[in-house]
Amino acid sequence: MSFDTLGLSAELLRAVHEQGYNEPTPIQVKAIPLILEGRDIMAGAQTGTGKTAGFTLPLLQLLNSRPSDPKKRAVRALVLTPTRELAAQVEQSIITYGRHLPLNSAVIFGGVKINPQIDKMRRGVDILVATPGRLLDHARQRTVDLSKVEVLILDEADRMLDMGFIHDIRKILALLPPKGQRQNLLFSATFSSEIKQLSHSLLNQPELVEVAPRNTPIELIAQLAHPVDQGRKRELLSHMIGAGNWRQVLVFTRTKHGANRLAKQLVMDGLSATAIHGNKSQGARTRALADFKQGSVRILVATDIAARGLDIDQLPHVVNYELPNVPEDYVHRIGRTGRAGNEGTAISLVSTEENRLLRDIERLIGRAIPKQVLPGYEPDGRSRAEPVERARGDRQGGRRNGRGANTAGTAAGTGQTNGRSGNGRNQNSRTANGQGAGRQGVSRNSKPAQPGARHQPSTRNGPVKAGYRPLAERMFSDQDGG
Ligand code: AMP
């Protein structure tokens with residue numbers, strides 16, 4: 001299948017070819033013609049599937065083909081995203097794909113000065129990409145006019161709801177023309193009952209579009225779990241990174257606080273590390289991501305929400321410092337490693353209290369994750385894991401949990417006492433084991449967790465990745481919790 005058959009204009013095809021894209025991804029094949037027809041769509045697709053070009057290319061074409069009043073400074077298309085990083089990435093795509101068209105765009109999000117955004121809005125913006133909170137600030141100050149929006153796009157709608165943006169979204173919808181007078185596109189990786197409710201109030205006879213996640217199939221990722229006490233996880237992590245000479249590692253924690261603390265401790269161990277989450281200034285977040293992508297920072301410590309939407313591909317190492325409380329998040333996390341045939345390992349550090357979470361994950365992926373106790377790091381089960389942090393109501397990555405953080409802080413401190421002896425720079429008898437930590441015993445072909453483990457589904461598009469259910473099933477099943 002070629003891009004030339006999708007009905008895109010010469011200017012857009014030129015921009016696509018300049019990007020080096022040879023053929024459209026499945027979501028692009030399905031979504032582009034429907035959007036060009038003016039249909040509303042409800043799409044099940046996550047980051048990595050090419051969804052951004054899937055809506056940006058037809059959006060640019062539609063706006064360019066319709067007359068606009070140059071004197072009116074009203075926004076013609078609005079893209080709402082949950083995070084600042086995603087907003088910035090989407091606007092960058094609009095600039096890239098729209099480079100041969102006379103349309104302009106802007107991105108607005110919090111954490112940076114509002115005045116430059118106001119100046120930009122005054123000069124006139126065709127396509128506005130925004131996070132909900134800052135957009136409402138502009139609306140209150142009357143520095144944005146949304147009454148002429150022709151196309152509305154909700155990107156990562158599920159995360160927006162998880163982050164408590166539903167009220168902001170409803171307020172924004174009230175500022176737009178009625179739903180029948182605009183085109184509406186909703187993208188979401190999961191479909192909870194809240195998403196279904198939102199889709200009813202937002203979409204006009206939508207066409208369902210679904211594709212399997214582009215994540216590396218679970219069978220191709222080398223997975224391993226190390227049972228270890230919570231209080232010794234940091235020590236073990238430093239050791240594995242140092243001994244294995246890992247150059248680029250994405251580490252997941254449950255909380256922002258935990259991410260910060262871990263990054264600091266890793267730096268104290270002599271490893272370059274930085275954390276990315278919603279409490280950081282926008283400049284710090286952008287810098288952290290750029291440094292990690294360029295390789296000047298070795299370890300990026302992230303929460304699920306902060307990492308979501310980041311276009312970081314083909315990582316050699318993903319570490320679950322703490323297991324996610326939602327098993328599907330495990331699949332999203334580890335899918336960032338080993339893409340496009342590259343070697344990749346996904347290692348989970350599992351404390352005794354997390355065994356239940358591990359079993360839930362194994363049930364979901366339909367296979368046992370090999371476990372390897374590392375000599376010198378045998379768990380004694382005395383320290384406690386970070387309490388599970390809920391994201392709801394927290395705009396940028398989960399709420400603070402002082403008590404849990406203190407508990408884990410004490411535990412981490414215990415580990416730190418021993419830290420120097422176990423890290424990669426100051427090797428002792430654990431070195432041999434540590435080198436093995438990243439390389440030995442990693443199985444790509446383990447057996448299913450139990451005879452009754454969930455069967456891996458497949459669709460007309462071929463085998464489906466673990467954790468994936470067809471959109472129609474997710475849309476219409478009452479048990480769907482998203
Ligand atoms: P997205 O899912 O929109 O975040 O896109 C993920 C990545 O895929 C981005 O780095 C895009 O530049 C890239 N991409 C989008 N469409 C294509 C395509 N047709 N061929 C190759 N890469 C693509």
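**View 1. Helices α6 and α8 pack against each other in this predicted model.** Helix α6, residues 132-140, and helix α8, residues 166-173, have axes 9 Å apart and pack at an angle of about 40°. Angles from 35 to 65 degrees fall between the roughly parallel and the roughly perpendicular classes, and α6 and α8 are therefore oblique to each other. The crossing in which α6 passes α8 is left-handed. On the α6 side the contact involves Pro132, Gly133, Leu135 and Leu136, which meet Asp168, Ile169, Lys171 and Ile172 of α8. Sorted by class, this contact of α6 with α8 holds 5 nonpolar residues, 1 polar residue and 2 charged residues.

**View 2. Helices α14 and α15 form a second helix pair in the predicted model.** The axes of helix α14, residues 327-334, and helix α15, residues 355-365, come within 8 Å, and they cross at roughly 70°. Since angles of 65 to 115 degrees count as roughly perpendicular, α14 and α15 are therefore assigned to that class with respect to each other. From α14, the residues Pro327, Glu328, Tyr330 and Val331 make the contact, while α15 contributes Asp360, Ile361, Leu364 and Ile365. The contact of α14 with α15 divides into 6 nonpolar and 2 charged residues, with no polar residue.

**View 3. An open sheet of 7 strands is built with parallel pairing.** The strands follow the order β3-β4-β2-β5-β6-β1-β7. At the edges of this sheet are β3, residues 105-108, and β7, residues 207-210, each of which pairs on one side only. From one strand to the next, the twist averages 15°. The edge strand β3 pairs with strand β4, residues 127-130, in the parallel sense over 4 bridges. Within this pairing, isoleucine 108 has alanine 130 in β4 as its bridge partner.

**View 4. A second open sheet contains 6 strands, again described by parallel pairing.** Its strand order is β8-β13-β12-β9-β11-β10. Strands β8, residues 222-227, and β10, residues 273-276, stand at the edges with a single partner strand each, so one side of each is left without a neighbour in the sheet. The twist in this sheet averages 20° from one strand to the next. Strand β12, residues 317-320, and strand β13, residues 345-350, are joined in the parallel sense over 4 bridges. Valine 319 stands opposite isoleucine 347, which belongs to β13.

**View 5. Helices α11 and α12 are shown with the strands that they meet in the sheet of 6 strands.** Helix α11, residues 256-268, packs on the sheet and touches β9, residues 249-252, together with β10 and β11, the last of these spanning residues 299-302. The direction of α11 makes about 170° with that of β10. Helix α12, residues 282-294, lies across β10 and β11, and runs at about 135° to β10.

**View 6. The ligand is shown with the residues of its surrounding shell.** There are 12 residues around the ligand, and the closest are Tyr21, Thr47, Gly50, Thr52 and Ala53. Helix α3, residues 51-65, supplies 3 residues, the largest share of this shell. Divided by class, the shell around the ligand comprises 7 polar, 3 nonpolar and 2 charged residues.

Technical notes
Residues numbered from 1 in each chain as written. Predicted model: local features only at pLDDT ≥ 70, side-chain atom pairs only at ≥ 80, totals over all residues. Near = placed C-beta within 6 Å. Helix = DSSP H or I, 4+ residues; strand = E, 2+ residues; numbered from the N terminus. Nonpolar A, V, L, I, M, F, W, Y, C, P; charged D, E, K, R; others polar. Axes fitted to C-alpha atoms, helices over the stretch in contact; angles between N-to-C directions. Parallel < 35°, antiparallel > 145°, perpendicular 65-115°, else oblique. Left-handed = near helix turned anticlockwise from the far one by under 90°. Contact = placed C-beta atoms within 7 Å. Pairing = 2+ DSSP bridges.
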